[in-house]
Amino acid sequence: MNQRKIYLLLTDTGTMFTRMIKLFTQEPLNHASLALDDQLFEVYSFGRKKIRNPFIGGFVKENIRSELFKQANCAIYCCTVTDEQYKKMRRKIRKMEMNKQKYKYNLIGLIGVLFKIEIERKNAYFCSQFVASVLTETGVVMMNKPIAFVKPHDLKEFPTFELVYEGKLDFYCFPEEITPPLMMKSI
């Protein structure tokens, strides 16, 4: 049986919206994305559609090399899945991508998490709800709570995920561009 790797990307972009969420979660990384490759070219989530406007959101293929992620802190987790699970995941994501105008960001659902009220809306997700949904529907994980309550830090707790990197996202994406700091000579 062939196996593939998928990646869970947790980030903190430092935006005002992220800082607001951090106040409630008390977690350092509050955005979850699902990546289908180790170079993070195929990264999917629910988030802002326009960099400067956090209130217009929905299904997005994220460009982690964009300005929004320039100073982001991150943790990247890897999970081995079967070839069939990978294909199901890719089909689900492609279908969403082809119909992305139908999908909205579930801000109301996010507020429901805060007040412990399960709010599910058709074709609406927040980031970790989307990732949990894809992982559950493809049989990669079994949730022990409603998907509407899954927070980004919950996703990393599954034993199937292994931490592969933690630090600045830029350092992961562009390791060849990182130069060691200049050493000062002592006199």
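Reader: Buried means under 20% relative accessible area, exposed over 50%, and partly exposed in between (1.4 Å probe, protein chains only), so is Asp83 buried or exposed?

Author: Asp83 counts as buried, at 17% relative accessibility. Please keep in mind that this is a predicted model, in which local features need pLDDT of at least 70 and side-chain atom pairs count only at pLDDT 80 or more, while totals for chains, interfaces and linings use all residues. Residues are numbered from 1 along each chain as its sequence is written, and side-chain values use heavy atoms, with hydrogens and water left out.

Reader: OK, and which side chain does Asp83 meet in a salt bridge?

Author: Asp83 pairs with Lys87, at 3.3 Å from N to O, where a salt bridge is a side-chain nitrogen of Lys or Arg within 4 Å of a carboxyl oxygen of Asp or Glu. Lys87 is partly exposed, with a relative accessible area of 40%. The two are four residues apart in helix H2, and so are separated by about one helical turn; helices (H or I, at least four residues) and strands (E, at least two) are DSSP runs, numbered from the N terminus.

Reader: Why can side chains pair like that at all?

Author: Side chains of opposite charge can pair when their charged atoms come close.

Reader: How many salt bridges are there by this rule?

Author: The count comes to 10. One of them joins Glu42 and Arg94, whose closest N and O atoms are 2.6 Å apart. Glu42 lies in the loop between strand S2 (31–35) and strand S3 (43–50), and Arg94 in helix H2 (residues 83–98), so this pair ties together parts that are 52 residues apart in sequence. Glu42 is buried, at 16% relative accessibility, whereas Arg94 is partly exposed, at 28%.

Reader: And what about Glu137, which side chain does it contact?

Author: The side chain of Glu137 meets that of Lys92 in a salt bridge, at 3.0 Å from N to O. This pair links distant parts of the chain, with Glu137 in helix H4 (residues 127–137) and Lys92 in helix H2, 45 residues apart. Lys92 is buried, with a relative accessible area of 19%.

Reader: Which residues do salt bridges with shared partners join into one network?

Author: That network consists of Glu42, Arg90, Arg94 and Glu97.

Reader: Changing topic, which residues form the nonpolar patch on the surface?

Author: The patch is formed by Met20, Leu23, Phe24, Phe55, Leu107, Ile111, Leu114, Phe115 and Ile117, with about 970 Å² of accessible area together. Patches are made of residues with over 30% relative accessible area and no salt bridge, with like charges joined within 9 Å and nonpolar side chains (Val, Leu, Ile, Met, Phe, Trp, Tyr) within 5 Å. The areas come from the Shrake-Rupley method with a 1.4 Å probe, and for residues only the protein chains shown count as cover. Helix H1 (16–25) and helix H3 (107–114) each supply at least two residues of this patch. Leu23 lies in helix H1 and counts as exposed, at 61% relative accessibility.

Reader: Which residues form the positive patch, then?

Author: Lys49, Lys50, Lys100 and Lys104 form the positive surface patch. Lys and Arg count as positive and Asp and Glu as negative, while His and the chain ends are not counted, and the place of a charge is taken as NZ of Lys, CZ of Arg, CG of Asp or CD of Glu. Lys104 is found in strand S6 (residues 104–105) and is partly exposed, at 41%.
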